[in-house]
Amino acid sequence: MRFPSSFSFLRPGTKAFIQEARRTPGYGFFDWLHGYVYSRWPYTYIGIAVGEHPLAKAALRLWRALRPTPADASDRPVMRKPIGAGTIGDVYHGKVVTLEAATRLVSVQQEISLTDLEHVIPYPVARDIVLRHPDHIAVLECPCRASRPNPCLPLDVCLIVGEPFASFVLEHHPRRARAITSAEAAEILAAEHARGHVHHAFFKDAMLGRFYAICNCCSCCCGAMQAHRSGIPMLNASGYTARVDVTRCAACGTCAEGCQFAAITVDEHARVDEDACMGCGVCVSRCPQAALTLVRDTRKAAPLELDALMQAAAAAG
């Protein structure tokens with residue numbers, strides 16, 4: 001099915017979404033329809049995905065009635081699937097970014113088109129950074145948190161960056177979203193980092209196959225982190241790993257308590273599981289002894305650091 005040639009009856013944000021969709025190679029009507037449903041009803045969409053919506057709970061009860069859980073299911077290891085194995089993580093995923101990298105993403109003063117990012121975003125689709133009007137930013141109540149019975153607060157921590165996404169969200173969710181400046185977005189990021197939450201730059205196939213939001217995530221509420229723990233590769237590491245200076249470590253356990261990925265244990269000193277560490281930097285800022293630092297981990301995809309990516313793209317010509 002083709003996009004309609006005339007859509008004068010639609011709201012401006014929806015029109016802009018269609019216009020941008022028509023300019024996006026390989027993006028068809030049903031892709032746009034998926035994106036429209038996802039953006040128009042995110043609380044239902046995400047609520048079902050995380051299992052908190054009444055429809056999801058009813059479906060789970062039916063599934064359990066038809067196929068009872070084996071008694072030893074809790075003892076079975078989680079089967080981790082690689083990126084590209086055909087899971088939802090291939091088309092809807094997040095890249096962990098440090099506070100500094102996240103702040104840069106909301107501080108852009110120019111339009112950007114970076115479309116060759118396999119070395120940074122190692123997913124089969126949805127790995128472009130195309131920013132139109134990057135100073136247009138909306139903060140939205142987090143659908144994951146809003147779906148939970150006892151969510152982390154505050155709720156308004158999801159940053160929608162650039163057009164046509166910011167206008168669409170503001171247009172359709174006036175009670176749950178508001179326009180903010182780049183400075184306000186940076187303040188939200190800093191406050192969430194101080195709470196120990198992780199910044200994820202999110203990409204989705206239905207959102208024009210590109211970056212559209214920064215979510216500030218906690219392991220108790222975030223659906224992507226829940227999926228990640230269950231073996232679905234929805235999250236990609238920042239490109240860094242935390243390293244402990246054992247001569248400074250006091251074995252106080254503050255880092256382990258704050259790690260959203262359960263990647264740190266403490267005995268005579270803190271120890272980092274480098275495979276589990278996602279390089280978010282929360283532990284670094286929480287350590288009272290300054291015993292932790294982030295170091296580049298070449299086993300992991302390159303960091304999503306906008307200035308470096310733009311310089312590389314310019315050099316490649």
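**Entry 1: helix α2**

I began with the buried side of α2 in this predicted model. The buried residues there are F29, W32, G35, Y36, Y38 and S39. Why might they fall at such places? An α-helix has 3.6 residues a turn, so residues three or four places apart point the same way. I then looked for what lies over these buried residues, and found that the cover includes α1 (12-22), α3, β1 (92-97), α7 (165-172), β6 (198-204) and β7. I also checked the length of α2: its 12 residues reach 16 Å from the first C-alpha to the last, close to the 16 Å expected at 1.5 Å a residue.

**Entry 2: the whole chain**

Next I stepped back for an overview. I counted 12 helices and 12 strands in the chain. Of its 317 residues, 48% count as buried. I also looked up the contacts with a separation of 6 or more, and residues 24 or more positions apart account for 72% of them.

**Entry 3: the nonpolar cores**

W32 turned up again here. The largest nonpolar core has 44 residues, and those that touch the most other members are F17, W32, F202 and Y212. I picked Y212 and asked which residues it is in contact with, leaving aside its neighbours within four places in sequence. My list reads Y38, Y92, L159, I160, V161, F165, F202, F203, K204 and M207. Y38 is one I already knew as a buried residue of α2. There is also a second, separate core of 32 residues, with L99, L117, A126 and F211 among them.

**Entry 4: the largest pocket**

I turned to the open spaces. The largest pocket has a volume of about 790 Å³. It is lined by 35 residues, and I46, A49, V50, G223 and A224 are the closest to its centre. Which elements supply at least two residues each to this lining? They are α2 (29-40), α3 (42-49), α6 (143-147), β4 (156-163), β7 (210-217) and α9 (223-229). The largest share comes from β7, with 5 residues. By class I noted 29 nonpolar, 5 polar and 1 charged in the lining.

**Entry 5: the second largest pocket**

The second largest pocket has a volume of about 530 Å³. Of the 24 residues that line it, H228, L235, A237, D275 and M278 lie nearest the centre. Two or more lining residues come from each of α9 and β8 (235-236), and α9 gives the most, with 3 residues. The lining here divides into 13 nonpolar, 5 polar and 6 charged residues.

**Entry 6: the closed cavities**

How many cavities of 30 Å³ or more are there? I found 2. The largest has a volume of about 120 Å³. Its lining has 17 residues, and C259, I264, C277, C280 and C283 lie nearest its centre. The elements giving two or more residues to that lining are α10 (254-258) and α11 (282-286). I saw no charged residues there, just 13 nonpolar and 4 polar ones.

The second largest cavity has a volume of about 60 Å³. Its lining includes V244, C249, C252, C255, A270, C287 and L292. By class this lining has 10 nonpolar, 2 polar and no charged residues.

**Entry 7: backbone details**

I looked for cis peptide bonds next. One runs from L153 to P154, with omega near 0 degrees, and P154 sits in the loop between α6 and β4. Another joins E163 and P164, with omega about 10 degrees; P164 lies in the loop between β4 and α7.

Then came positive phi angles. L208 is not a glycine, yet its phi is positive, at about 65 degrees. I found L208 in the loop between β6 and β7. Is L208 buried or exposed? L208 counts as buried because its relative accessibility is 5%, under the 20% limit. A290 is not a glycine either, and its positive phi is about 55 degrees. A290 is in the loop between α11 and β12 (292-296). At 45% relative accessibility, A290 counts as partly exposed.

**Entry 8: a last look at E187**

I finished on helix α8 (residues 182-194), where E187 has its place. E187 has a relative accessible area of 55%, so it is exposed, the cut-off being over 50%. I also looked up T103, which is 84 residues apart from E187 along the chain; their C-alpha atoms are separated by 8.9 Å.

Key
Residues are numbered from 1 along each chain as its sequence is written. This is a predicted model: local features need pLDDT of at least 70, side-chain atom pairs count only at pLDDT 80 or more; totals for chains, interfaces and linings use all residues. Side-chain values use heavy atoms; hydrogens and water are left out. On a 1 Å grid over the protein atoms alone, a cavity is a set of points where a 1.4 Å probe fits but cannot get out, and a pocket is an open set with protein on both sides within 12 Å along at least five of seven lines; lining residues have an atom within 4 Å of a point. Grid points are joined across faces, edges and corners, and a volume is the space filled by probe spheres set on the points. Helices (H or I, at least four residues) and strands (E, at least two) are DSSP runs, numbered from the N terminus. Ala, Val, Leu, Ile, Met, Phe, Trp, Tyr, Cys and Pro count as nonpolar, Asp, Glu, Lys and Arg as charged, and the others, Gly among them, as polar. A nonpolar core is a set of buried Ala, Val, Leu, Ile, Met, Phe, Trp, Tyr and Cys residues joined through side-chain atoms within 4.5 Å. Buried means under 20% relative accessible area, exposed over 50%, partly exposed in between (1.4 Å probe, protein chains only). Contact means heavy atoms within 4.5 Å. The expected span of a helix is 1.5 Å times one less than its number of residues.
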